[in-house]
Amino acid sequence: PAEDGPPAGVSMRYTRGVDRENGLTVGATDMSPAQMVFRSLQVGPTTRRGLFLPGGTRVRIPVQIPAGARLEFLPQLLPPEAADPLEHSDGVDLQVSIEVDGQPRLTYRTSLALGDAVPVALDLSALAGTSAVIEFLSEPGATPDLDHVFVAEPRVSQRIDDPPRVVVLLVDTLRADELSLYGYHRPTTPNLDAWSAEAAVFTQARSVAPWTLPSVRALLTGQDPELWSQATTLAERFGSAGWATGFIAGNVYLSSNFDMADGWGTHHCVNWPDAADQVDLARVWLDEHSHEPAFLVLHFMDTHLPYTEPESWRDRFAGPRPSRFDQDEFHRNDVVSGAPLTADEQAYVRARYDNNLAWVDHQVARVLEVLGDNDVVVLVSDHGEEFWDHGEFEHGHSLYDELIRVPLVVRAPGLPPGRTDVPVSLVDLAPTLLHAAGLPADGLAG
């Protein structure tokens, strides 16, 4: 309790860098060989699923080769986690062989160095209809020390014309009644308004919590967030069915720090990115996976404080900055500390929020233009935002509708457009997406 004063002491514990290093070192971890090899690993802001092959590792995988298939992967040499920066691998080769009836039919070899990560696509069309074994072999140089070879997103894929795609547009901190398509008095979402005319608009959708982590965990599992550690995520369900999976996130609660990266083919997370940058990444990812079924969650952070819309958008709905604020970007403490805001100051804060929503709408249009009528597209939020409706500001502090009621718009082939007032929950979204993709959705709470 605040009235008890500060605690006598606070201790914090983080995973040590050497512990992460041990997880990449044979003999220094209690992982099984399968856990060591088949895993997700992070380089910079991006986590990928793939094969970890310490120097001298051989992995053989039996596959059926379909017509028109390619073997695709992204090979790279991982930087050390905790070693002296002057220490690094002395070089390692990656060899990939495809055998049919015990005979090598195709071999690819490359030398890997730090910083290299070039996608590889091998044409397997000459082997169509055969039962083959794909072998990955990492061959060390003089020593295997720090030969951390990672083969990201390895897959045998067929090129499919107009493959199914499921795209979730997840806008952080977006309350439903702030969108013009939900009747807001400002034209905050003209592009989404036009797109939603052919979609199902849910007027009574609600989140499971007034902040990000539990809400998104429920969204990605179809289970209550407390069951996260036992649940099978949408990334795992789509991935095991042969879909490419991607999550482009912009909130630290959606990062690997909170176990949100595992299971995705590609997971990219930086804190507070601009909507334009998120869309650029999404369009590249969609293009890279344009020939195969793909599931993408694209997350926007712009409607969350500190409100960083481009300067050219700053006066779209907001007037001059009140003297209370000494800069255009502001955080919760700038709003709630000191004297209560006047009505004009509150109106300015909300107008800045609306500016950022309009900016997201403008950028979302760039995603919608590369999606087609056969794609399943969802607009949703993790929670809303308080604007003194019940005396408070921001989120995470109460369970009023300004925080729990969220936009939910679904556009999918065969789904009749229109509005429905039936109460639905974020827990219902996962089974809905699986059903739309023709995948099983058994055993979910939603």
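**Strand pairing, a buried helix and aromatic pairs in a predicted model**

Strands β5 (residues 92-100) and β6 pair in the antiparallel sense, joined over 9 bridges. Here helices (H or I, at least four residues) and strands (E, at least two) are DSSP runs numbered from the N terminus, and two strands pair if DSSP finds at least two bridges between them. The structure is a predicted model, in which local features need pLDDT of at least 70 and side-chain atom pairs count only at pLDDT 80 or more, while totals for chains, interfaces and linings use all residues. Residues are numbered from 1 along each chain as its sequence is written, and side-chain values use heavy atoms, with hydrogens and water left out.

Within the β5 and β6 pairing, leucine 94 has threonine 110 of β6 as its bridge partner. The two strands form a hairpin with 2 residues between them, and aspartate 101 in the turn has a positive phi of about 55 degrees. This hairpin can be placed in a wider setting: 4 strands form an open sheet in the order β3-β8-β5-β6, with antiparallel pairing. At its edges stand β3 (58-64) and β6 (103-112), each with a single partner strand, so one side of each is left without a neighbour in the sheet. From one strand to the next, the twist averages 15 degrees, where axes are lines fitted to C-alpha atoms (for helices over the stretch in contact) and angles run from 0 to 180 degrees between N-to-C directions. The partner of β3 is strand β8 (residues 131-140), and these two pair in the antiparallel sense over 7 bridges. Proline 62 is bridged to valine 133 in β8.

A further pairing involves strand β4 (residues 69-77) and β7, which run antiparallel and are joined by 4 bridges. Glutamate 72 has alanine 121 of β7 as its bridge partner. Strand β7 (residues 120-123) has a covered face, Val120 and Leu122, and an uncovered one, Ala121 and Asp123. In a regular strand the side chains alternate between the two faces of the sheet.

Attention now turns to a helix. In α4 (residues 212-221), 10 of the 10 residues are buried, so the helix is largely enclosed by the rest of the structure. Buried means under 20% relative accessible area, exposed means over 50%, and partly exposed lies in between (1.4 Å probe, protein chains only). The buried residues of α4 pack against β10 (165-171), α5 (234-240), β13, β15, β16 (376-381) and α10 (429-436). Just after α4, glycine 222 takes a positive phi of about 70 degrees.

Strand β13 (residues 244-249) contains threonine 245, which is buried at a relative accessible area of 3%. Beyond its neighbours within four places in sequence, threonine 245 is in contact (heavy atoms within 4.5 Å) with residues including Trp264, Gly265, Trp285 and Phe295. A polar atom of the threonine 245 side chain lies 2.7 Å from the backbone nitrogen of glycine 265.

Aromatic rings add another layer to the picture. A search of the whole structure finds 18 aromatic pairs; rings of Phe, Tyr and Trp (its six-membered ring) pair if their centres lie within 6.5 Å, and planes under 30 degrees apart count as stacked, over 60 as edge-to-face and the rest as tilted. Tryptophan 264 and phenylalanine 295 form a stacked pair, 5.7 Å centre to centre with 20 degrees between the planes. This pair links distant parts of the chain, 31 residues apart: tryptophan 264 is in the loop between β13 and β14 (266-269), and phenylalanine 295 is in strand β15 (residues 294-300). Tryptophan 264 and phenylalanine 295 are both buried. Tryptophan 388 and phenylalanine 393 have ring centres 5.0 Å apart and planes at 15 degrees, so this pair is stacked. Tryptophan 388 and phenylalanine 393 are likewise buried, and ring pairs link them into a cluster with Tyr307, Phe325, Phe330, Tyr348, Tyr353 and Phe387.

Finally, helix α8 (residues 343-368) holds glutamate 345, which is buried with a relative accessible area of 14%. Glutamate 345 and proline 322 are 23 residues apart in sequence and 6.5 Å apart in space, C-alpha to C-alpha. Leaving aside neighbours within four places in sequence, glutamate 345 is in contact with Pro322, Arg324 and Pro340. A polar atom of the glutamate 345 side chain also lies 2.9 Å from the backbone nitrogen of threonine 342.

Conventions: A polar contact is a pair of N or O atoms within 3.5 Å; within protein, one must be able to donate a hydrogen and the other to accept it, and residues adjacent in sequence count only if both atoms are side-chain atoms.
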